[in-house]
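User: Please take a close look at a single helix in this structure and at what surrounds it. I should like one connected account rather than a list.

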Amino acid sequence: MLNICPFCGSPGEKVNAHIIPKAFFKAISQDGDMLKQRELGVHSKKVPIGIYDDSVWCRSCEIEYGRWDAYAAKVLLQSPIEEFISQPAAYELKIDKNSLGELKLFFISLLWRASSSNKRIYENVSIGPFAEKAKVLLKSGLPGFLDDFSTIISCSDADESLISEPVRVRNLGVLFYRFHLGKYSVDIKVSNQPTPEVLLPAVIGQKDVLVILRTKRNSQLVGSVSKIAKDQLPNHSTGPARKGAQAGKFKR
């Protein structure tokens with residue numbers, strides 16, 4: 001038993017909670033590759049089933065609030081990345097607004113879990129008063145306003161898939177945390193400052209499609225987003241809009 005669950009505040013059964021869903025690790029290993037964990041000052045090592053922590057939340061919270069993991073894995077792992085890689089700046093995946101909300105809730109959950117984890121790889125993720133705001137959104141099942149934890153997904157065509165220590169980055173002076181999910185990178189805003197206007201076209205919920213930028217790993221996002229804002233990128237949508245549970249409307 002946990003003494004007190006950090007998320008719900010009640011006693012609960014311990015559970016080995018994955019910070020990054022196991023599905024990302026399994027999908028990569030099935031392709032003959034192996035995700036690697038990288039931390040500053042530590043030799044990289046293979047992590048075939050991912051990194052988990054039994055001190056993040058209780059089993060009940062894992063079931064209730066970890067439900068967005070499967071949805072995020074489904075959307076991102078089934079995206080036609082091979083087709084996207086040949087495009088100049090980004091890929092746009094058709095997805096309904098409520099499902100975009102579910103995807104954003106996954107990233108808020110990822111951020112909260114990393115900030116609560118005792119694992120060394122996440123020790124630099126500290127979101128302070130934003131932790132309570134994240135919990136409120138997760139418990140309500142609402143993604144909040146567009147500017148709450150603004151999230152931008154990008155994809156690298158680098159050969160190596162890896163996990164690295166999440167880092168703080170500043171996009172036009174605004175603080176984001178950057179996570180790596182294999183070939184994906186995700187920037188999540190943790191700041192009271194507004195999201196820079198030039199980045200808004202790529203923020204989850206700004207458009208009725210999911211925008212995935214093509215960037216070099218650990219690069220600045222402004223250049224790729226600017227191409228979208230200037231309408232230099234044609235729409236590349238695929239398939240029917242995916243339906244999902246109600247996750248609340250995005251607002252600005």
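The request concerns helix α6: which of its residues are buried, and against which helices do they pack?

Analyst: The account below begins with the whole model, turns to the helix in question, and then follows its surroundings outwards. The model is a predicted one. The protein contains seven helices and 11 strands. Of its 252 residues, 54% are buried. Among contacts between residues at least 6 apart in sequence, 76% join residues at least 24 apart. Several of the pairs described below are examples of links between parts separated in sequence, among them D69 with R113 and F7 with Y65.

Helix α6 covers residues 130-140, and its buried residues are F130, A131, A134, K135, L137 and L138. Viewed along the axis of α6, these buried residues fall within an arc of 165 degrees, so they line one face of the helix. That face packs against three other helices, namely α2 (59-65), α3 (68-77) and α5 (97-116).

One charged residue belongs to the buried set: K135 has a relative accessibility of 14% and therefore counts as buried, the cut-off being under 20%. K135 forms a salt bridge with E132, in which the closest N and O atoms are 3.7 Å apart. Both residues lie in α6, three residues apart, which is about one turn of the helix. The two partners differ in their exposure: E132, with a relative accessible area of 46%, is partly exposed, whereas K135 is buried. This salt bridge thus stays within a single helix.

The salt bridge between D69 and R113 offers a contrast, with its closest N and O atoms 2.9 Å apart. Because D69 lies in helix α3 and R113 in helix α5, this pair ties together parts that are 44 residues apart in sequence. Both D69 and R113 are buried. The helices that hold them, α3 and α5, are among those against which the buried residues of α6 pack. In the whole structure, the search finds eight salt bridges.

Helix α2, another packing partner of α6, also takes part in an aromatic pair. The ring centres of F7 and Y65 are 4.7 Å apart and the ring planes stand at 45 degrees, so the pair is tilted. Here F7 comes from the segment before β1 (17-18) and Y65 from helix α2, so that 58 residues separate them and the pair links distant parts of the chain. Both F7 and Y65 are buried. F7 and Y65 belong to one aromatic cluster with W57 and W112. The count of aromatic pairs comes to six. F7 has a charged neighbour as well: the charged end of K139 sits over its ring, 5.3 Å from the ring centre.

Beyond the end of the helix, α6 is followed by G141, whose phi is positive, near 70 degrees. The loop between α6 and β6 (151-155) includes L146. L146 is buried, its relative accessible area being 3%. In sequence, L146 and I204 are 58 residues apart, yet their C-alpha atoms are 7.8 Å apart in space.

A further group of residues, around strand β8, shows another set of polar links. Strand β8 spans residues 167-171 and contains N171, which is buried with a relative accessible area of 1%. The side chains of N171 and D187 are joined by a polar contact of 3.1 Å. D187 in turn forms a salt bridge with R178, the closest N and O atoms being 2.8 Å apart. D187 is buried, with a relative accessible area of 0%, and R178 is buried at 4%. In the loop between β8 and β9 (174-181) lies G173, which is partly exposed, with a relative accessible area of 39%. G173 and P196, although 23 residues apart in sequence, have C-alpha atoms 8.7 Å apart.

To return to the request, the buried residues of α6 line one face of the helix and pack against α2, α3 and α5.

Terms used:
Residues are numbered from 1 along each chain as its sequence is written. This is a predicted model: local features need pLDDT of at least 70, side-chain atom pairs count only at pLDDT 80 or more; totals for chains, interfaces and linings use all residues. Side-chain values use heavy atoms; hydrogens and water are left out. Helices (H or I, at least four residues) and strands (E, at least two) are DSSP runs, numbered from the N terminus. Buried means under 20% relative accessible area, exposed over 50%, partly exposed in between (1.4 Å probe, protein chains only). A polar contact is a pair of N or O atoms within 3.5 Å; within protein, one must be able to donate a hydrogen and the other to accept it, and residues adjacent in sequence count only if both atoms are side-chain atoms. The arc is that of the directions from the helix axis to the C-beta atoms. Contact means heavy atoms within 4.5 Å. A salt bridge is a side-chain nitrogen of Lys or Arg within 4 Å of a carboxyl oxygen of Asp or Glu. Rings of Phe, Tyr and Trp (its six-membered ring) pair if their centres lie within 6.5 Å; planes under 30 degrees apart count as stacked, over 60 as edge-to-face and the rest as tilted. A charge sits over a ring if NZ of Lys or CZ of Arg is within 6 Å of the ring centre and within 35 degrees of the ring normal.
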